[in-house]
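Student: This structure is new to me. Could you show it to me, and then let me ask how the words used for it are justified?

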Amino acid sequence: MFTTERLILRPYVENDLDDLLRLWNDPLVQPLVTKEGVTLLGPKFKDTLRAQMDQATFGAIIALKETGEFMGHGSVTVIQPKNRDGSFGICLLPKFWNSGYGTEAMKFMVDHSFKWFCLNRLSLGVLANNARAIAVYEKLGFVMEGRKRQAVWADNQWEDTLSMGILRDEWEKTK
């Protein structure tokens, strides 16, 4: 278990799957975390969530330090260790948005990943209309590396997706 000023980052346990399912079923969250159609996700989706958390190199449940309340999750997955590129993702319940929690959790996870997993880069994908997330990523040193135009059909319109990344030497300059 790791802690920051206001957060606990801990491994997931089987009981967290109900909270994760609630997170992914949130109508404000789901359009931001999937390229699939927004739908009701049933108990079978817990198998997908379990697999995602199990496959992560660093998969964390994010909880409020003061109360232990579930806030969301974050993960870094190193798919090809030879290339030392980690894929990053984070998701919080909307009641925790706009309070700096995502920035705090992400900063810890980015720092930890470069320090302990010998990564050369961290990569992520984000919808181009998710200005709040993009601002956090840029604040932490991520830069836009590419745009896939009209890549996702969402809310009756096409959305672009952005590829963003941060290299080890760029991260080191933020220290």
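**Words and values**

Tutor: Let's start at the end of helix H5: the residue that follows is Gly141, with a positive phi near 105°. Keep in mind that this is a predicted model, where local features need pLDDT of at least 70, side-chain atom pairs count only at pLDDT 80 or more, and totals for chains, interfaces and linings use all residues. Numbering starts from 1 along each chain as its sequence is written, and side-chain values use heavy atoms, with hydrogens and water left out.

Student: What makes a stretch a helix or a strand here?

Tutor: They're DSSP runs, numbered from the N terminus: H or I over at least four residues for a helix, E over at least two for a strand. H5 covers residues 131-139, and strand E1 covers 2-3.

Student: Why is Phe58 called buried?

Tutor: Its relative accessible area is 9%. Buried means under 20%, exposed over 50%, and partly exposed in between, using a 1.4 Å probe and protein chains only. So 9% puts Phe58 in the buried class. Phe58 belongs to strand E3.

Student: What is Phe58 in contact with, leaving aside neighbours within four places in sequence?

Tutor: Contact means heavy atoms within 4.5 Å. On that count the partners of Phe58 include Phe2, Leu9, Phe108, His112 and Phe117. Also, the C-alpha atoms of Phe58 and Thr77 are 6.6 Å apart, though their places lie 19 residues apart along the chain.

Student: Back to H5. Which of its residues are buried?

Tutor: Ala133, Ile134, Val136 and Tyr137.

Student: Why are they said to be on the same side of H5?

Tutor: They span an arc of only 160° around the axis, which places them on the same side. The arc is taken from the directions from the helix axis to the C-beta atoms. Ala131 and Lys139, on the other side of H5, are exposed. Among the elements covering the buried residues are E5, H4, E6 and E8.

Student: Which residues of H3 are buried?

Tutor: Phe45, Leu49 and Met53. Their arc is only 75°, which again means the same side of the helix, here H3. They pack against H1, E3 and E4, while Asp54 and Gln55 on the other side are exposed.

Student: Why are H1 and H3 called roughly perpendicular?

Tutor: The two pack at about 105°, with axes 10 Å apart. Angles of 65 to 115 degrees count as roughly perpendicular, under 35 as roughly parallel, over 145 as roughly antiparallel, and the rest as oblique. The value of about 105° falls in the perpendicular range, so the name fits.

Student: How do you know that E1 and E2 pair?

Tutor: DSSP must find at least two bridges between paired strands. E1 and E2 have 2, running antiparallel, so they qualify. Thr3 stands opposite Ile8 there. E6 and E8 have 7 bridges, also antiparallel, and E7 and E8 have 8 in the antiparallel sense.

Student: What makes up the whole sheet?

Tutor: It's an open sheet of 8 strands with mixed pairing, ordered E1-E2-E3-E4-E5-E6-E8-E7.

Student: Why do E1 and E7 count as edges?

Tutor: Each has a single partner strand, so one of its sides has no neighbour in the sheet.

Terms used. Axes are lines fitted to C-alpha atoms, for helices over the stretch in contact, and angles run from 0 to 180 degrees between N-to-C directions.
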